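Colleague: I am new to this structure and would like to go through it with you step by step. Could you put it up so that we can talk it over?

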Amino acid sequence: MTHSAAVENHPLLPRIEQALDTIRPYLAADGGNVRVLGISDDMVLQLELLGACGTCPMSPMTLKAGVEESVKKAVPEIRAVEAINLTPMSAQPAGQTGHPVSPAPVPTPNF
């Protein structure tokens with residue numbers, strides 16, 4: 001992962017990346033990833049959601065329940081995790097309410 005010059009020398013970055021590496025396979029399975037953008041003075045980790053994570057209606061839940069919990073467990077100095085490009089639920093495209101919809105069954109042809 002590439003980082004900005006301001007964050008690449010941060011003493012917590014190796015531990016943060018190690019924590020993120022534990023959940024990246026799950027994000028990648030759905031076509032997504034995360035990139036560290038910065039760590040604020042008040043210990044808020046700023047991430048960019050990449051790939052499918054940037055537009056997925058479940059991203060707010062994934063960020064809080066998955067990413068933030070993993071990072072805070074491994075790096076208790078981090079107070080919170082925020083995504084700079086998270087699309088709020090109210091701004092999701094029509095039809096994306098944050099609840100997955102089962103696909104319609106495919107009819108089986110009769111031979």
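Colleague: Does G54 count as buried or exposed?

Modeller: This is a predicted model, and in it G54 lies in the loop between β2 and α3. Its relative accessibility is 14%, and because a residue is called buried when that value is under 20%, G54 counts as buried.

Colleague: What distance separates the C-alpha atoms of G54 and A83?

Modeller: Along the chain, G54 and A83 are 29 residues apart. In space, the separation of their C-alpha atoms is 9.2 Å.

Colleague: In what order do the three strands of the open sheet run, and which of them stand at the edges?

Modeller: The sheet is open, has mixed pairing and follows the order β1-β2-β3. Since β1 (32-39) and β3 (80-83) each have a single partner strand, one side of each is left without a neighbour in the sheet, and the strands at the edges are therefore β1 and β3.

Colleague: Which residue of β2 is the bridge partner of I39?

Modeller: β1 and β2, the latter covering residues 44-51, pair in the antiparallel sense over seven bridges. Within β2, the residue that partners I39 is L45.

Colleague: Which helices pack on the sheet, and which strands do they touch?

Modeller: Helix α2 (residues 13-29) packs on the sheet and touches β1 and β2, with its direction at about 160° to that of β1. Helix α3 (residues 59-74) touches β2 and β3, and its direction makes about 140° with that of β3. The helices asked for are thus α2, touching β1 and β2, and α3, touching β2 and β3.

Colleague: Where is the kink in α3 centred?

Modeller: The 16 residues of α3 should span 22 Å at 1.5 Å a residue, and the end C-alpha atoms are 21 Å apart, which agrees. There is nevertheless a kink of about 35° in this helix, and its centre is E68.

Colleague: What covers the buried residues of α3?

Modeller: The buried residues of this helix are S59, L63, V67, E68 and V71. What covers them includes α2, β2 and β3.

Colleague: Which element gives the largest share of the largest nonpolar core?

Modeller: That core has 22 residues, and those with the most contacts inside it are I16, L20, L45, L47 and I78. Two or more residues come from each of α2, β1, β2, α3 and β3. The largest share, six residues, comes from α2.

How values were computed. Residues numbered from 1 in each chain as written. Predicted model: local features only at pLDDT ≥ 70, side-chain atom pairs only at ≥ 80, totals over all residues. Heavy atoms only, no water. Pairing = 2+ DSSP bridges. Helix = DSSP H or I, 4+ residues; strand = E, 2+ residues; numbered from the N terminus. Contact = heavy atoms within 4.5 Å. Axes fitted to C-alpha atoms, helices over the stretch in contact; angles between N-to-C directions. Buried < 20%, exposed > 50% of the residue type's maximum accessible area, 1.4 Å probe, protein only. Expected span 1.5 Å × (residues − 1). Bend = angle between axes of the 7 residues up to and from the residue. Core = buried A, V, L, I, M, F, W, Y, C linked by side-chain atoms within 4.5 Å.
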